[in-house]
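Below are some notes for a colleague who will be looking through these coordinates. They are arranged as numbered points, beginning with the side chains and ending with the overall fold.

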Amino acid sequence: MNTPEDRTATEPPVHIPSYRQKSTLWWAMICVPTVVILGLASGRLSGSGVGDPWFDALVKPDIFPPGWLFGVVWTILYAMMGFALALVLASDRKAHKQSALAIFGVQLVVNLLWSPIFFGMHMLAFGFFWIVLLVILVLATIAYTARVSRLAAALLVPYLAWIAFASILNLQFWQLN
């Protein structure tokens, strides 16, 4: 094995992953697929999106994007959420870790329940108020997560932007239908 003394100036240093890097990777292998599967299952089990006769019959807002986009965006966002969760779990900042994990869990449950409310129970008005609650909880999640990992908090910002857009869509669906 090369020691620092044996290396020449042209050889790159040997990278040995730290315990934290290994821990983050381990948590990511658990959290990313779990969050993605939970999110996709919530939508699938509630009959969300294009192809559902109830949804297809609704008047769509002008800002409604192509139906295929939702699956792509949500898969990416759930993966980013899972990685953010892994970063928090792998962190050694114990003072704020528990509160960040608690609020993350609460917002995830609220997220997973929106599809059954909107698509499964056809409750457009209640779905709107539920998604507004989700926006508030994601803001809180970002604030608490930033105390543990700024990268984890940054990974949640696109999620916040998407659900803010989704809340506008939900409001317009409610108004049009």
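1. In this predicted model, the charged end of K60 is placed over the ring of F55, at 4.7 Å from the ring centre. A second arrangement of this kind involves R147, whose charged end sits over the ring of Y144 at 4.9 Å from its centre.

2. F55 also takes part in a cluster linked by ring pairs, whose members are W54, F55, F64, F70, W114, F118, F119, W162, F165 and F173. Across the whole structure, a search finds 19 aromatic pairs. In the pair formed by F70 and W162, the ring centres are 5.7 Å apart and the planes stand at 65°, and because an angle over 60 degrees counts as edge-to-face, the pair is assigned to that class. F70 belongs to helix α3 (residues 67-90) and W162 to helix α6 (residues 150-176), so this pair ties together parts of the chain that are 92 residues apart in sequence. W162 has a relative accessible area of 13% and is therefore buried, the limit being under 20%.

3. Another edge-to-face pair is made by F128 and F129, with 5.4 Å from centre to centre and 65° between the planes. Which of the two classes, buried or partly exposed, applies to F128, and which to F129? F128, at 16% relative accessibility, counts as buried, whereas F129, at 48%, counts as partly exposed.

4. Helix α4 deserves a careful look, and its length can be checked by simple arithmetic. The helix covers residues 94-120, and its 27 residues, at 1.5 Å a residue, should span 39 Å; the C-alpha atoms at its ends are 39 Å apart, so the model agrees with the expected value. The helix nevertheless bends by about 25° at L113, with a proline, P116, following within four residues. W114, F118 and F119 are among the members of the aromatic cluster described above.

5. Where does H122 lie, and what is the sign of its phi? H122 is found in the loop between α4 and α5, just after α4, and takes a positive phi of about 60° although it is not a glycine. With 37% relative accessibility, H122 counts as partly exposed.

6. T145, in helix α5 (residues 124-146), has a relative accessible area of 2% and is therefore buried. The side chain of T145 reaches the backbone oxygen of T141 at a distance of 2.6 Å. When residues up to four places away in sequence are left out, T145 touches V88, A100, A152, A153 and L156.

7. L38 is located in helix α1 (residues 19-45) and, with 39% relative accessibility, counts as partly exposed. L38 and Y78 are 40 residues apart in sequence, while their C-alpha atoms are 8.8 Å apart in space.

8. As for the overall fold, the protein chain comes to six helices and zero strands, the elements running α-α-α-α-α-α from the N terminus on. Of its 177 residues, 41% count as buried. Among the contacts in the chain with a separation of 6 or more, 77% are accounted for by residues 24 or more positions apart.

How values were computed. Residues are numbered from 1 along each chain as its sequence is written. This is a predicted model: local features need pLDDT of at least 70, side-chain atom pairs count only at pLDDT 80 or more; totals for chains, interfaces and linings use all residues. Side-chain values use heavy atoms; hydrogens and water are left out. Helices (H or I, at least four residues) and strands (E, at least two) are DSSP runs, numbered from the N terminus. The expected span of a helix is 1.5 Å times one less than its number of residues. The bend at a residue is the angle between axes fitted to the seven residues ending there and the seven starting there. Rings of Phe, Tyr and Trp (its six-membered ring) pair if their centres lie within 6.5 Å; planes under 30 degrees apart count as stacked, over 60 as edge-to-face and the rest as tilted. Buried means under 20% relative accessible area, exposed over 50%, partly exposed in between (1.4 Å probe, protein chains only). A charge sits over a ring if NZ of Lys or CZ of Arg is within 6 Å of the ring centre and within 35 degrees of the ring normal. A polar contact is a pair of N or O atoms within 3.5 Å; within protein, one must be able to donate a hydrogen and the other to accept it, and residues adjacent in sequence count only if both atoms are side-chain atoms. Contact means heavy atoms within 4.5 Å.
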